[in-house]
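Me: I would like a close look at a single part of this predicted model. Please describe the largest pocket and what lines it, and then turn to one strand.

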Amino acid sequence: MRLTGSTTLPIFLCSLILILVNVSGRAPFACDQRDVKIRHLPFCRSSLKVSDRVNDLIGRLTLKEKIGLLVDNAGAVPRLGIKGYAWWSEALHGVSNVGPGTKFGGDFPAATSFPQVITTAASFNSTLWEEIGRVVSDEARAMYNGGMGGLTYWSPNVNILRDPRWGRGQETPGEDPVVAGKYAASYVRGLQGNDAGDRLKVAACCKHYTAYDLDNWSGVDRFHFNAKVSKQEMADTFDVPFRSCVLEGKVASVMCSYNQVNGIPACADPKLLKDTIRGDWRLNGYIVSDCDSVGVFYDSQHYTSTPEEAAADAIKAGLDLDCGPFLGVHTEGAIAKGILKEAEINGALFNTLGVQMRLGMFDGEPSAHPFGHLGPRDVCTPAHQELAVEAARQGIVLLKNRGPSLPLSPRRHRTVAVIGPNSDVTVTMIGNYAGIACGYTSPLQGIGRYTRTIHQHGCKDVACANDKHFNGAIDAARNADATVLVMGLDQSIEAEFRDRTGLLLPGHQQELVSKVAAASKGPTILVLMSGGPVDISFAKNDPQIGGILWVGYPGQAGGTAIADILFGSHNPGGKLPMTWYPQDYLSKVPMTTMDMRSSRSKKYPGRTYRFYNGPVVYPFGHGLSYSDFVHTIASAPTILSVPLHGRHHASANTTLSGKSIRITHAKCNKLSITVHVDIKNVGSRDGSHTLLVFSRPPAGHWGPHKQLVAFAKVHVAARTQQRVPIKIHVCKYLSIVDRSGIRRIPMGDHSLHIGGTIHSVSLEAETLGVIKS
C-alpha cells in the first residue's frame with residue numbers, strides 16, 4: 001500500500017499495525033479478531049466446548065483440506081483463516097531445534113539445555129523431573145509467542161532401556177518400568193501444565209510405542225525389525241511407562257514406532273493404537289507416527305500391496321497424524337478405492353484439532369492467552385540455568401570411593417591434572433535431541449574454578465585410536481597433586497541409528513587410564529561420560545584409581561556440577577538407573593531377543609535387574625555418598641487382607657489361581673500399605689539420600705527377583721534423622737503378570753527391601769468381607 005501526505009500518518013499506521021499483529025511477535029494462528037468473517041464462527045468461540053468447536057470446523061472443511069491436515073507439515077486453510085503448521089518439535093531435555101517446528105535466532109538465540117534424560121533419571125527425584133518440564137515449557141511457550149517455535153513437542157522418550165547396547169538408551173529414564181512410568185507422568189505434567197484444566201501449556205508426546213529399543217545392530221535395523229513380545233512381557237514391561245504417561249500424566253499424544261510387534265507394524269495395529277492407547281487408557285489427544293513410519297511399513301516392510309492400503313490401514317488402526325508426506329499423498333486414493341471412509345479421516349482430525357484447540361491456537365491473539373506473557377526474558381534465565389546445574393549435580397553417581405579419595409581439597413590438591421578426550425568438551429555434554437545451549441561450562445573449566453589445572457587430552461577423541469599423546473598425559477599426572485581423567489563415550493559411539501557393538505571403553509582409553517593412574521603422584525579419579533553402561537571392571541578393581549564418577553551427559557553446566565562433586569561442595573546422591581553388565585554378557589544375549597526373563601534351558605541370563613541372573617559391574621540402584629545413611633523401619637503392617645468385589649466372595653477359591661488374585665477381582669482403589677522409614681545421616685556432611693524400596697514377591701510365581709515399588713529423595717542434615725512415609729499401592733506395585741498377560745496379586749509374604757533392612761508383609765485374600773488389621 002502506498003501512503004502519501006504527512007510523514008506522521010504512516011508512522012502511526014505502522015505502529016498500529018505492529019500492535020495489531022501481536023505484541024509478542026506472532027500473528028494469531030487462527031480466529032484473528034480482525035477477521036470479521038471468521039471470528040464469530042462457532043469453532044472460534046472459546047466459550048463453547050472443545051468437541052463442539054472441533055466438529056464445527058471439520059464440517060466446514062473440504063476433503064482436500066482435511067487430507068492436508070493429516071501430515072506433520074499441515075497445510076493452511078486460508079478461507080477459514082487457518083495458517084500452515086509444523087507439528088514436529090522436540091523438547092527431550094530442553095527446547096530443541098531438531099524438527100522443523102522450532103528454530104533459534106533473533107530474540108531467541110538459545111534455550112536452557114538440561115542433562116540428558118538418563119542422567120536426570122539417576123536423581124530419582126520426581127519433583128525435579130516435573131520442575132524441569134515446567135521450565136522447558138516456559139521457554140517453549142516464550143518461543144511460540146515470539147514466532148520461533150511450535151506448541152506440540154514429541155517428547156519424552158519413555159522406552160525401556162532393555163539392552164545396554166542401544167544407542168538411544170541415553171534418551172530414556174533407564175531400565176525400570178516403574179521409574180520410566182513415574183518419569184513420564186512427572187515430565188509430562190511439567191510440560192503440559194497440571195493446573196490449567198483441559199487447557200494445555202504445550203502438548204507433550206510419549207514415544208515410541210512400543211517394544212522399540214533397537215536401531216541398527218548386526219544387520220538388523222529398526223525399519224525391518226519384528227519385535228516378538230509375549231503377552232506377559234508386554235503387560236509387565238513395555239506397556240507400563242506408556243500406560244502411566246496416559247493415565248497419570250494425561251499426555252496429549254503418543255507416538256507409534258517403526259518396528260513391527262509380533263508381525264504387525266506398530267503404526268498399523270488397531271490392538272495397540274485403537275484398543276489399548278485410546279480404548280483401555282482413554283487417551284485424550286492424538287496418535288502420531290514416527291517420521292515416515294507409514295511409508296516404512298509399505299516400502300521397507302512390504303506390509304501392504306498398495307500405498308492406498310497402507311494409508312487406510314494406518315488411519316483405521318487409530319493413527320491420527322503422519323510425520324511425513326505419505327498420508328497426504330495416498331489418502332485420497334484410499335477413499336476413491338472405497339477402502340477408507342471420509343468419516344474415518346474426520347475421526348483423526350477430531351483428535352489433532354482438539355489438541356490445537358486446547359492449546360489456544362484457535363483463540364485469536366496469543367498474548368491474551370494464559371501463557372501469552374512469556375517472552376525472550378523468560379528463556380535462559382539465571383533460575384533456569386541454576387536448575388540445569390542442580391539437575392546435573394543430583395544425577396551424578398559416585399560409583400567408587402576408595403580410601404576415601406573424594407572429595408578433593410583445593411588446599412591439599414593445589415594442582416590437578418585434567419586428562420581425557422571428554423575433559424574440555426561442551427556439546428558432548430548435552431547428548432542428542434538437544435538445541436543450542438545458553439552457554440557451557442566444560443569439566444576443565446569447572447575444575448579450574450577450584451584449583452590450578454594441567455590439561456592434556458591423552459586421546460584426541462573418544463575413539464582413542466592410538467597412544468601418540470599418552471606421554472604428555474602421564475607427565476601431567478606425575479607433576480600434579482591429583483589427577484582427574486574424563487573419559488567415556490559421545491554421539492560418535494552411541495546415538496540414534498548407532499547401537500554399540502561392545503561395552504568396553506573405545507580404542508585405547510582403558511590403556512590410557514591405567515597408565516596415568518600408575519604414574520599419578522596423587523589420587524586418581526575417573527569421570528565417565530556416557531548414556532549406556534560401560535564395563536569398567538578394570539578401574540573398579542584397580543587400587544590406583546581411588547574414585548569413579550558416572551556423569552551421563554550432564555547438560556550445559558556439566559563441568560560446574562562435576563567440579564562441585566569432586567571438591568565436595570555438593571554431596572553426591574545419584575543412583576544408577578540401569579544395570580552395568582560385563583562385556584561377556586553380550587555374547588549370551590542377542591539384541592533381537594525381547595525376552596526379559598531368564599531361561600536355564602536356553603542358557604539365557606535374562607535382562608535388567610528384575611530378571612537377570614549373572615555377574616554385574618555395578619547393579620541397578622548403586623550409588624555412594626560422602627555420608628553414611630542408616631535405615632530403620634519405624635512402622636509398617638505385617639498382615640494385609642485384600643478385599644474382593646462382592647461377586648467374588650463366595651467363590652474366592654476360584655478367584656485364586658496359584659495363590660494369586662486378579663487385580664480386576666480386588667478392590668484396588670484405596671488398597672495400599674504405608675511404611676514409615678527413619679533415615680539417619682551418621683556422617684559429617686549434609687546430603688540428599690535416594691531412598692529405594694524394593695519388593696520381592698512370594699516364591700513360586702512368575703514375578704521378578706525383586707521390583708522397585710517406591711523411591712524418594714530426602715535431604716538429611718549431618719547427624720540428624722528424617723522420617724519418611726512411603727505409600728505402596730498394592731495392586732499397582734505388589735502385583736505380578738502371569739504368562740497370559742494377566743496382572744495378579746500373589747498371596748503370601750512379600751519382602752520389602754530398604755537398604756540392608758528387610759520387612760515382610762503377608763497378603764491374605766479376604767473372603768468374608770472383613771479386612772484384617
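Reply: The account below takes the pocket and then the strand. The model is predicted, and its values are computed.

The largest pocket holds about 1,500 Å³ of space. Its lining is made up of 49 residues, and those closest to the centre are Ala235, Asp239, Arg243, Trp281 and Arg743. Four helices each give two or more residues to this lining: H6 (177-192), H7 (231-247), H8 (271-280) and H22 (730-733). Helix H7 provides the largest share, with nine residues. Sorted by class, the lining of the largest pocket comprises 21 nonpolar, 13 polar and 15 charged residues.

The strand chosen is E26, which covers residues 748-754. Five of its seven residues are buried, so strand E26 is largely enclosed by the rest of the structure. Being buried here means having under 20% relative accessible area.

Strand E26 has pairing partners in E21 and E27. With E21 (residues 687-696), the pairing is antiparallel and extends over four bridges; within it, Phe694 has His753 of E26 as its bridge partner. With E27 (residues 757-765), strand E26 is again antiparallel, joined by seven bridges. Here Ile754 is matched with Thr757, its bridge partner in E27. Strands E26 and E27 form a hairpin with two residues between them, and in this hairpin Gly755 adopts a positive phi near 60 degrees.

Notes
Residues are numbered from 1 along each chain as its sequence is written. This is a predicted model: local features need pLDDT of at least 70, side-chain atom pairs count only at pLDDT 80 or more; totals for chains, interfaces and linings use all residues. Side-chain values use heavy atoms; hydrogens and water are left out. On a 1 Å grid over the protein atoms alone, a cavity is a set of points where a 1.4 Å probe fits but cannot get out, and a pocket is an open set with protein on both sides within 12 Å along at least five of seven lines; lining residues have an atom within 4 Å of a point. Grid points are joined across faces, edges and corners, and a volume is the space filled by probe spheres set on the points. Ala, Val, Leu, Ile, Met, Phe, Trp, Tyr, Cys and Pro count as nonpolar, Asp, Glu, Lys and Arg as charged, and the others, Gly among them, as polar. Buried means under 20% relative accessible area, exposed over 50%, partly exposed in between (1.4 Å probe, protein chains only). Two strands pair if DSSP finds at least two bridges between them.
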